[in-house]
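Me: Please look at the model shown here, and let us work through its helix packing and its nonpolar cores by question and answer.

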Amino acid sequence: MKPVNVKEVKAFLKVLALSVPLLMNAGTTAFAATGHAGEAEMHGTPAVIEEAAVAHGEGDAHGAEGEHSDKPGDVIMHHILDSNVYAFEPFGEVHLPKIVVGGYDISITKHVVIMWIAAAIVLLVFASVGGTYRKMTAKNAPKGLANAMEALVDFIRLDVAKSNIGPGFEKFLPYLLTVFFFILLCNLLGLVPYGATPTGNINVTLTLAVFTFFITQTASLKAHGLKGYLAHLTAGTHWSLWIIMIPIEIIGLFTKPFALTVRLFANMTAGHIVILSLIFISFILKSYVVAVAVSVPFSIFIYLLEIFVSFLQAFIFTMLSALFIGLATVHDGHDEHEAGVAHH
Amino acid sequence: MLTSGVILLSGGLLSPNPGLIFWTAVTFVLVLLILKKLAWGPIISALEERENGIQSAIDRAHNAKDEAESILRKNREMLAKADAEAERIIREGKDFGEKLRAEMSEKAQAEAKKIITSAKEEIEQEKRRALDVLRNEVADLAVMGAEKIIKTSLDADMQKRIVDSMIQDLSSKRN
């Protein structure tokens with residue numbers, strides 16, 4: 001008797017779960033159709049769908065700059081782009097100070113704030129971990145936070161820095177570690193509520209890549225001297241080929257930081273655009289079924305993927321920085337290594 | 001979706017922002033400098049120290065093992081040598097004992113033989129002396145008997161009695 005009852009209840013619940021969203025969906029569609037009937041006359045049917053979607057989207061995803069976004073694209077862009085206003089919807093917004101020095105606008109923006117939060121978290125974590133290590137002797141085993149961070153630090157130290165740069169890697173270790181944890185925190189802060197992704201802004205990634213570029217070139221100059229550095233630019237070819245080789249090598253110098261810039265920026269931006277687009281599908285199609293079956297599961301999946309990508313991109317930026325430094329300091333096997341890098 | 005793609009290209013996604021570049025550079029350099037002083041130094045030196053510690057511990061363990069092995073080998077050699085020595089000593093002792101025993105028994109035999117010969121000689125001498133004494137006695141008796149016979153007459157019965165009594169005397173004396 002009992003199992004049959006349970007089965008019946010389950011079946012009933014299944015039907016209910018399927019039918020209720022459909023019923024509600026029908027209601028909203030009817031409402032949207034009546035509410036925008038006038039506009040529909042002017043814009044034609046596709047516009048109805050879009051307008052209605054925005055009418056729903058505005059509630060939780062609308063920008064805070066005062067002007068009203070009209071399309072999902074604008075809302076998405078608003079989330080991704082930097083701004084002078086930090087919005088905590090629906091609680092309000094904070095207008096960030098605008099600073100102009102010598103004609104340059106260096107005002108504090110949303111991404112600057114998030115970057116500072118990331119920097120503060122990194123500083124706090126590693127100040128405490130560093131304090132632990134300062135107190136510790138070689139005989140103590142690390143535990144807790146220090147142990148967790150040690151795994152990452154040791155990974156960067158041995159698998160990224162030592163294996164790519166080789167002897168003398170200790171000099172570059174502070175830069176590589178800082179860049180890894182800074183990018184990681186910036187990436188992850190884009191995934192918390194009210195967060196943003198500074199590394200999804202090309203200005204930030206460009207600055208970080210320029211740091212790598214300068215460090216690479218300085219390391220190369222130090223390792224080979226000025227003469228060796230210039231000889232490097234000719235790629236060891238005959239002088240008659242220099243007219244071709246030198247421009248190519250110089251372009252090659254700049255493609256590396258450019259690749260770093262675009263890789264990090266595009267990866268972080270793309271994930272956010274995908275998540276927001278998936279959510280907007282349900283608003284555009286005005287369907288609860290789509291929301292339950294497509295938008296939510298897929299955006300959760302992309303969100304989890306983004307957590308992985310945050311670590312991966314921080315690692316790749318660090319890895320490639322180490323690789324470029326290693327290539328710049330060691331002359332042998334230059335071309336083979338570079339060919340391998342191109343596939344990343 | 002197409003509209004968002006269009007906005008992506010036309011929007012401010014790739015627009016430069018000197019303020020953000022400036023703040024990124026400042027923030028990053030500050031974080032780098034502070035962390036270098038506060039965290040990376042101690043952490044990396046601790047890691048290196050530990051690595052060196054582990055390496056030296058491994059080296060020490062290897063050395064200790066080698067040393068223990070050499071000591072063991074030496075001990076085994078010494079033990080084998082001691083065994084051989086002990087065996088040699090036992091064998092020598094046995095040989096010596098054997099020899100001593102043989103010598104002793106030989107000596108004892110010789111001694112015994114000597115004692116026996118000397119005893120035999122003494123017995124012989126003693127026997128000879130006893131015989132001499134007996135002979136003298138018999139001669140004396142014969143002379144005494146003859147004297148008696150001569151003293152009394154030459155009576156046959158008498159003579160016979162005399163001889164008998166003499167023999168009886170002799171036999172009682174002998175006992």
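The exchange below concerns a predicted model, and takes a contact between two chains before turning to the cores.

Me: Are helix α8 of chain A and helix α2 of chain B parallel, antiparallel, perpendicular or oblique to each other?

Reply: The axes of α8 (residues 202-233) of chain A and α2 (residues 18-151) of chain B come within 9 Å and cross at roughly 50 degrees. Angles under 35 degrees count as roughly parallel and those from 65 to 115 as roughly perpendicular. The crossing angle therefore makes α8(A), relative to α2(B), oblique.

Me: How many charged residues does the contact of α8(A) with α2(B) have?

Reply: On the side of α8(A), the residues that meet α2(B) include A:Leu206, A:Leu208 and A:Phe211, while those of α2(B) include B:Leu20, B:Ile21 and B:Phe28. By class, the contact of α8(A) with α2(B) comprises 8 nonpolar and 3 polar residues, and the number of charged residues is none: no charged residues.

Me: Which helix gives the most residues to the largest nonpolar core?

Reply: This core has 63 residues, and among the members that touch the most others are A:Phe180, A:Phe182 and A:Ile183. At least two residues each come from α5, α6, α7, α8, α9 and α10 of chain A and from α2 of chain B. With 13 residues, the helix that gives the most to this core is α7(A).

Me: How many residues are in the other core, which lies apart from it?

Reply: The other core includes A:Val75, A:Ile80, A:Leu81 and A:Phe283. Its number of residues is 12.

How values were computed
Residues are numbered from 1 along each chain as its sequence is written. Chains are lettered from A and ligands numbered from 1 in the order in which they are written. This is a predicted model: local features need pLDDT of at least 70, side-chain atom pairs count only at pLDDT 80 or more; totals for chains, interfaces and linings use all residues. Axes are lines fitted to C-alpha atoms, for helices over the stretch in contact, and angles run from 0 to 180 degrees between N-to-C directions. Helices (H or I, at least four residues) and strands (E, at least two) are DSSP runs, numbered from the N terminus. Angles under 35 degrees count as roughly parallel, over 145 as roughly antiparallel, 65 to 115 as roughly perpendicular and the rest as oblique. Two residues are in contact if their C-beta atoms, placed from the backbone, lie within 7 Å. Ala, Val, Leu, Ile, Met, Phe, Trp, Tyr, Cys and Pro count as nonpolar, Asp, Glu, Lys and Arg as charged, and the others, Gly among them, as polar. A nonpolar core is a set of buried Ala, Val, Leu, Ile, Met, Phe, Trp, Tyr and Cys residues joined through C-beta atoms within 7 Å. A residue is buried if 20 or more other C-beta atoms lie within 10 Å of its own, exposed if 12 or fewer, and partly exposed in between; C-beta atoms are placed from the backbone.
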